[in-house]
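Please find below my notes on the model, set out as numbered points. I have kept to what can be followed residue by residue alongside the structure.

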Amino acid sequence: MWSGQPHPDEGHPPPLEAVPVPWKSTVSCKNHRESSVGEEAQGEEGPAATQLDVSRLRSSSMEIREKGSEFLKEELHKAQKELKLKDEECERLSKVREQLERELEELTASLFEEAHKMVREANMKQAASEKQLKEARGKVDTTLFAEFQAWRESPTLDKTSPFLERVYREDVGPCLDFTMQELSTLVRAAVEDNTLTIEPVASQTLPTVKVAAVEYGSTNTCALSGLSRTCRHRIRLGDSESHYYISPSSRARITAVCNFFTYIRYIQQGLVRQDAEPMFWEITRLRKEMSLAKLGFFPQEA
């Protein structure tokens, strides 16, 4: 029995049902087509542009490389040129140094040879002078020794003997020749008579002595030379109570002469028991002391 509704399995096709279909605008489709065309165009132009950029980069890189190579070549050329100049300067300086060294060696050798020559000549002159001096001294010593031997046979203080006359003339007289002539004569006579006294300056006040209207009582003025000197000693003539202040130089001269007279008095009195030759050399030494004192050479303690 039919119920009023067909069954699908009875040979009838099933009814059509509404299927939802999405709606699309025509404008969107148009735009989509244009976008697709643009993308296709861009896709076609992209590789060409990239290739062009790569070419440009390669060209710039080569240009930079060439410029850098040229710059380096120029700098290398400059450095080589400067190095060459320095090498030439070093070579020139080396030649100058070698020349100076040669000249210095030649000069040194020349000076050395000249010095040796001068030394040889000086030695020869010295030897000749010593020989002449020895010969002259031998002659003089022979004369002086003969005079001394003659005096020693009969020793006397008489100045007429050749021996004492020579000593007075060459040594005693010049050594006691002071500026103040009047006082010098008195001092010489006192030395010969062995009546002169030398004593250190004391602290007490001493009487003032005037010679030739000049006061000689100060310890800062020498009575014999008249010079301003520090006087550490004074002399007294004979039994006089007057004192004369004298400088160290004047004292040394008087002392040298007194030493000589003391020694010859010892010989005269027979107190010197030696042969003639040792006596002679001692007298020669005492004469030398008088000469040195006259020239101003004396011990500082004088």
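1. Glutamate 91 is partly exposed in this predicted model, its relative accessible area being 45%. Its side chain meets that of lysine 95 in a salt bridge, with an N to O distance of 3.8 Å. Both residues belong to helix α1, and because they are four residues apart there, about one helical turn separates them.

2. A salt bridge that spans the sequence is the one between the side chains of arginine 287 and glutamate 170, with an N to O distance of 2.6 Å. Arginine 287 lies in helix α5 and glutamate 170 in helix α2, so this pair ties together parts of the chain that are 117 residues apart in sequence. The two partners fall into separate accessibility classes: arginine 287 counts as buried, at 13% relative accessibility, whereas glutamate 170 counts as partly exposed, at 37%. Since the threshold for burial is under 20% relative accessible area, the value of 13% places arginine 287 on the buried side.

3. Which other residues are linked with arginine 287 and glutamate 170 in a network of salt bridges? The network also takes in Glu147, Glu165, Arg166, Arg169 and Asp171. The search of the whole structure finds 13 salt bridges. As a general matter, side chains of opposite charge can pair when their charged atoms come close.

4. Helix α5 also holds a salt bridge between the side chains of arginine 285 and glutamate 282, with an N to O distance of 2.7 Å. These two residues both lie in α5 and are three residues apart, about one turn of the helix. Each is partly exposed, arginine 285 with a relative accessible area of 39% and glutamate 282 with one of 24%.

5. For the overall layout, the protein chain contains five helices and five strands, and reading along the sequence gives the pattern α-α-α-β-β-β-β-β-α-α. Of the 302 residues in the chain, 22% are buried, and the chain exposes about 22900 Å², of which carbon and sulfur atoms supply 55%. Among contacts in the chain with a separation of 6 or more, 64% are between residues 24 or more positions apart.

6. Three of the strands form an open sheet in the order β1-β4-β5, with antiparallel pairing. The edge strands, each of which pairs on one side only, are β1 (196–200) and β5 (244–246), and the twist from one strand to the next averages 35 degrees. Five bridges join β1 to β4 (residues 233–237), and within this antiparallel pair isoleucine 198 stands opposite isoleucine 235 in β4. Helix α3 (residues 181–193) packs on the sheet, where it touches β1, β4 and β5, and its direction makes about 75 degrees with that of β4.

7. The loop between α3 and β1 contains asparagine 194, a residue that has a positive phi of about 60 degrees although it is not a glycine. Most residues other than glycine have a negative phi, and this position may therefore be worth a look in the backbone display. Asparagine 194 counts as exposed, at 53% relative accessibility.

8. The largest nonpolar core has 41 residues, and those touching the most other members are Phe148, Val172, Val187, Ile254 and Phe260. The elements that give two or more residues to this core are α1 (26–153), α2 (162–175), α3, β4, β5, α4 and α5 (276–294), with α4 giving the most, at eight residues. Leaving aside its neighbours within four places in sequence, phenylalanine 148 is in contact with Phe163, Ile267, Ala276, Met279, Phe280 and Ile283.

9. Is cysteine 258 buried or partly exposed? With a relative accessible area of 22%, cysteine 258 is partly exposed, because the buried class requires a value under 20%. Cysteine 258 is found in helix α4 (residues 248–268), and its C-alpha atom is separated by 10.0 Å from that of alanine 190, a residue 68 residues apart from it along the chain.

How values were computed. Residues are numbered from 1 along each chain as its sequence is written. This is a predicted model: local features need pLDDT of at least 70, side-chain atom pairs count only at pLDDT 80 or more; totals for chains, interfaces and linings use all residues. Side-chain values use heavy atoms; hydrogens and water are left out. Two strands pair if DSSP finds at least two bridges between them. Axes are lines fitted to C-alpha atoms, for helices over the stretch in contact, and angles run from 0 to 180 degrees between N-to-C directions. Contact means heavy atoms within 4.5 Å. Buried means under 20% relative accessible area, exposed over 50%, partly exposed in between (1.4 Å probe, protein chains only). Accessible areas come from the Shrake-Rupley method with a 1.4 Å probe; for residues, only the protein chains shown count as cover. A nonpolar core is a set of buried Ala, Val, Leu, Ile, Met, Phe, Trp, Tyr and Cys residues joined through side-chain atoms within 4.5 Å. A salt bridge is a side-chain nitrogen of Lys or Arg within 4 Å of a carboxyl oxygen of Asp or Glu.
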